[in-house]
2 protein chains.
Amino acid sequence: MAVTDRPLALGFPRIGVVGGGQLARMMAAPAGALGIGLRVLANSMDEAAAQLIPDVVLGSPDDAVALRELAQGCEVITFDHEHVPPAVLQELTDAGIVLRPSASALAHVHDKITMRRALDAAGVPGPRWAVVADEAEVLAFADRVGWPVVLKTSRGGYDGKGVWVIREPALLAAVLAQPLPEGAAWLAEECVAFTQELAAQVVRSPSGQAVAYPIVRTVQTDGICTEVISPAPDLSAAHAIAAQELALHLAGELGVVGMLAVELFDTPDGVLVNELAMRPHNSGHWSIDGAVTSQFENHLRAVLDLPLGSPAATSRWSVMVNVLGGDYPDLYRAYLHCMARDPGLKIHVYGKDVRPGRKVGHVTVCGDDLPDLLRRAHHAADYLTGTITE
Amino acid sequence: MAVTDRPLALGFPRIGVVGGGQLARMMAAPAGALGIGLRVLANSMDEAAAQLIPDVVLGSPDDAVALRELAQGCEVITFDHEHVPPAVLQELTDAGIVLRPSASALAHVHDKITMRRALDAAGVPGPRWAVVADEAEVLAFADRVGWPVVLKTSRGGYDGKGVWVIREPALLAAVLAQPLPEGAAWLAEECVAFTQELAAQVVRSPSGQAVAYPIVRTVQTDGICTEVISPAPDLSAAHAIAAQELALHLAGELGVVGMLAVELFDTPDGVLVNELAMRPHNSGHWSIDGAVTSQFENHLRAVLDLPLGSPAATSRWSVMVNVLGGDYPDLYRAYLHCMARDPGLKIHVYGKDVRPGRKVGHVTVCGDDLPDLLRRAHHAADYLTGTITE
């Protein structure tokens, strides 16, 4: 455990961030510009955010003692991930610590069944779903919605983990035989025939002000977001507005404070909610370089109940491509090539050592020519990953 | 003395920055994005950059021992200010420490007489000047160039300090009676009848790559830069190109590595060099929000000999206005008004407690309507300063 407090100018607040990953890391730049102090709870000093934020509390996100230490001298606590157990969130709330988003809002991202019930109650469209206990119940569900069926653990999944697309009954038993995370149940969902995947991002403050970012198109590879285009091309104005309204409505209904990301399926009949995240999200990284106010700045402003900044795009198109760890460990040397080839490229690395499949950074390019931006962003990401060498 | 090292990802370098002011502070955001480590030499943990950069060496910029400690484990040393004595720079160079810019380049900003001689040798136009020892020599210079005459101490001046505009001979004696900083002499310069003040910013890498930012218009109030418009309005294309070429030429001639700011007088006959700075500069703060690559990012890229980023503007106009400390000490409370009034406003504060006349932050707005941008930026700065209260 180690805290290194740094002074702050008179009257400026400090925010405690649970988690030392890249999302906390990317909060550091807007916090610095706004003069706001950050303190992070990290598992080790190697973590992305602990490398560049002076005030670090070392500890686990399920340890209430560490979380109380994080909260000391912080005006408010916010989150880089969803791994704080609900009981611990409740204990902190009872102790008078201000959590934004609140424990009750976070319940919806902690458990996907809670989320599905809340979405139905809010009248928000999603895929058909059912809580299932065994093979027979999945088969009954499939009889109703058709194959394939998506099986999810209601808790503990992320980046494609805890999700299976089941294409035939014979494969069911092996999936259901796996141990469930503590407190989790099996959730079956209709496999939606979508035309594209979208994300709606909105930010909401405790006083109820909310603004919506442009709707983006996301591409997932093996369950991990790999490409984002802002705004989503080939999206009807009606669906774009519906998606923004849906996300603003949900933020209010669920009492979200800070950023809310709503992952959506676009279908000919309208948009359906896939997943939620109540924090800055991979689908909004483009906003650092492509919007007047980034998702990270607006998240900080929201949790402090400061007026929100404009989410307007500063370019016609922004393309963000994730850099996943590959076989090539020396990201820094790959810089020279990428920077020399493309002076307009914005590279963001997270300070993580390279491991295969790990999100180690992202690149963004902004401009008018979408096919050109896509080519440039993918070339850079592929080169940084080591997939290509020239 | 205190160093708190943080880990860096494999292969990533660390830069040592002499000085803990706002320029070092604003390097932190691009360093984080690029995964580059920073360590600052600061006088105290209260300083702007020491508040948010983990690795701090406490010490004075004229203390060679502190500077050597700063340099340990850093690939290169760069600067937030010009206060390292030339003898100390030479000692570090002799010890094999890489300074960027180098001691020989920095000699031109340490002493304005050295600078004037180098500008003349490079064939770069400036006001007429002379080294003067006493009243009689100033009067002889004034006979040649006319009144008023500008008197400067060759060393130790900044933000209007060490500069006097002498309008009549009777006032000379009082100025010349003042003690000179160590090693300094009096420099007399022609008082140029300029139409506007400009700044040219270029960045150059050790391998000789260099790029030029758009020429900006600067407004000085009591010798402190208070407003910058990018690009400079009412500037002929010929003068803009001449100013960029002049700065690129100078960067090469003087062997500058990193950012070079050339403060210029615009006159009907062409541009004349007023001052130089070999570091990120107040006239380039707009680039954080208004350019593809900020001056801070390009400075870091240059001193590491990484390929340089595009200096292109992302909006038609950017307006930056400095926030000077006023009577109102609570900057944070003033946020609410400014943010609520203008969601497009970018506020940057430096973590400094407010003292009258001190640069405590700046605001930037970008867009198409210059009169509107000027109104918005000045309103916000005046409100943050406490000059206006609604």
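What follows is a short chat about a predicted model and how chains A and B sit together.

Q: What turn lays chain B on chain A?
A: A turn of 180 degrees, with a shift of 0.0 Å along the axis, lays chain B on chain A. The RMSD is 0.0 Å. That is the relation of a two-fold axis.

Q: How many residues does the contact take from each chain?
A: The contact takes 45 residues from chain A and 45 residues from chain B.

Q: And which parts of chain B supply the side that touches chain A?
A: α1 (22–34), α11 (331–341) and β16 (346–349) of chain B each supply at least two residues of that side. α11(B) gives the most, with 7 residues.

Q: What kinds of residues are on that side of chain B?
A: They divide into 26 nonpolar, 12 polar and 7 charged.

Q: Why do the copies meet through the same surface?
A: Because 100% of the interface residues of chain B are also interface residues in chain A.

Q: New topic: strand β16 of chain A. Are its faces covered or not, and by what measure?
A: Both faces of β16(A), residues 346–349, are covered. A:Lys346 and A:His348 on one side are buried, and so are A:Ile347 and A:Val349 on the other. A residue is buried if 20 or more other C-beta atoms lie within 10 Å of its own.

Q: Why two sides?
A: In a regular strand the side chains alternate between the two faces of the sheet.

Q: Which strand is joined to β16(A)?
A: Strand β17 of chain A, residues 359–367, is joined to β16(A) by 4 bridges, and the two run antiparallel.

Q: What stands opposite A:His348 there?
A: A:His362, in β17(A).

How values were computed. Residues numbered from 1 in each chain as written. Chains lettered and ligands numbered in written order. Predicted model: local features only at pLDDT ≥ 70, side-chain atom pairs only at ≥ 80, totals over all residues. Least-squares fit on C-alpha atoms with pLDDT ≥ 70 in both. Contact = placed C-beta atoms within 7 Å. Buried ≥ 20, exposed ≤ 12 C-beta atoms within 10 Å, placed from the backbone. Pairing = 2+ DSSP bridges. Nonpolar A, V, L, I, M, F, W, Y, C, P; charged D, E, K, R; others polar.
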